[in-house]
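Hi,

Here is the structure I promised to pass on. Have a look at it first, and then read my notes below.

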Amino acid sequence: MTELAKLLPGMPLVESPFFEGLLLSLPLSLEEQTIARALNRDGFAIIDFPDPAMETTAERIKANLAPRFSADLTDPDSIKALPDQRVQDAWQFDDDVRAIATNPRMLDLLSRLYGRRAIPFQTLNFSVGTQQSVHSDAVHFSSQPERFMCGVWLALEDIHPDAGPLSYCPGSHSWPIISNVMLGTPRYGNHSQLAQTPYEPVWNAILDATATPTQTFTPRKGQALIWAANLLHGGMPQHNPKLTRWSQVTHYVFEDCIYYTPAYSEEPLGKLELRNIVNIATGLSEPSRLFGRDVQTVRPRRRGLMRHLANAWKAIAG
């Protein structure tokens, strides 16, 4: 680790304020440096997914998952009945989905970009566009230290502009991560609303105030987009409801962090809705850790606390 990296070990290297000074010291090829610069500057980078057999891999996934969707995907008329269809964690039963999520070259690249071991923990497979409102993943799953999370969106077919392609807002990853504390909304343990609902008006207002453009991703089969934790992204309208949009998303966190759901947490009070992270590569749980220790082993020093309270009471009394 370089001297600059040692100054802020709790920040991803690719999002560090020292990024330019760190870049040339990182073990990255010229192509990988271009990816790193794009992630640092824009919050996303477009790559060719490192699987030479992607053509056949994608077709096997589509054939295996198609029966799990509530329409005949060979019939264009029936596709219209597919609102935001997805299969979560197909890695548990589909070897090809798991292979994409655990691709060794992808894990190695992400680990070098972030400065910690990458951990794939969730897959989402889609047959059609989500048409989802613009949002940041940082309210759904995040970490302490923050921003040690990213996603990789992979096209399993050529994506048509009318199929509801992925959209994203360049540069939004560098904005503050909106929290319940900022919103003035206590939500710990309160699941009465969908996770991102209270945040959407804020994100849209910031986009309007900053005049940040929205771009769309219409890749060919086998292209992928890496995005940073706080990048605003969503799904465009599906102008042609007869078109599919086969894709896979893999979400990653990084080692030695606390993993939790910010949408239902109140961080300053220590009220975190912790997540059970299962490493797809190993099938084992990855415990939340901070400073090299499992968070479950960190306990209040009650004797010290009681002594502090007793001294405070004596000072008040007299």
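A quick definition to start: a charge sits over a ring if NZ of Lys or CZ of Arg is within 6 Å of the ring centre and within 35 degrees of the ring normal. Before the examples, note that this is a predicted model, where local features need pLDDT of at least 70 and side-chain atom pairs count only at pLDDT 80 or more, while totals for chains, interfaces and linings use all residues. Residues are numbered from 1 along each chain as its sequence is written, and side-chain values use heavy atoms, with hydrogens and water left out.

Arg116 lies over the face of Phe148, 4.3 Å from the ring centre. Arg68 does something similar with Phe93: its charged end sits over that ring, 3.8 Å from the centre.

Now the ring pairs. Rings of Phe, Tyr and Trp (for Trp, the six-membered ring) pair if their centres lie within 6.5 Å; planes under 30 degrees apart are stacked, over 60 edge-to-face, and the rest tilted. That rule gives 6 aromatic pairs. The centres of Trp153 and Phe217 are 5.7 Å apart with planes at 70 degrees, so this pair is edge-to-face. Trp153 belongs to strand 5 (residues 149–155) and Phe217 to strand 7, so the pair ties together parts 64 residues apart in sequence. (Helices, H or I with at least four residues, and strands, E with at least two, are DSSP runs numbered from the N terminus.)

Are these two buried or exposed? Trp153 is buried at 2% relative accessible area, and Phe217 is buried at 4%. Buried means under 20% relative accessible area, exposed over 50%, and partly exposed in between (1.4 Å probe, protein chains only). Another pair, Tyr199 and Trp203, is stacked, at 5.7 Å centre to centre and 20 degrees between the planes; both residues are buried. Ring pairs also link Tyr114, Phe148 and Phe254 into a cluster.

Strand 7 turns up again in an open sheet of 3 strands, ordered 7-6-9 with antiparallel pairing. Strands 7 (215–217) and 9 (233–235) are at the edges with a single partner each, so one side of each has no neighbour in the sheet. Two strands pair if DSSP finds at least two bridges between them; strand 6 (residues 166–168) and strand 7 have 3. Tyr168 stands opposite Gln215 there.

Finally, helix 7 (residues 104–114): 8 of its 11 residues are buried, so it is largely enclosed by the rest of the structure. Tyr114 from the ring cluster is one of those buried residues. Just after the helix, Gly115 takes a positive phi of about 80 degrees.

Cheers
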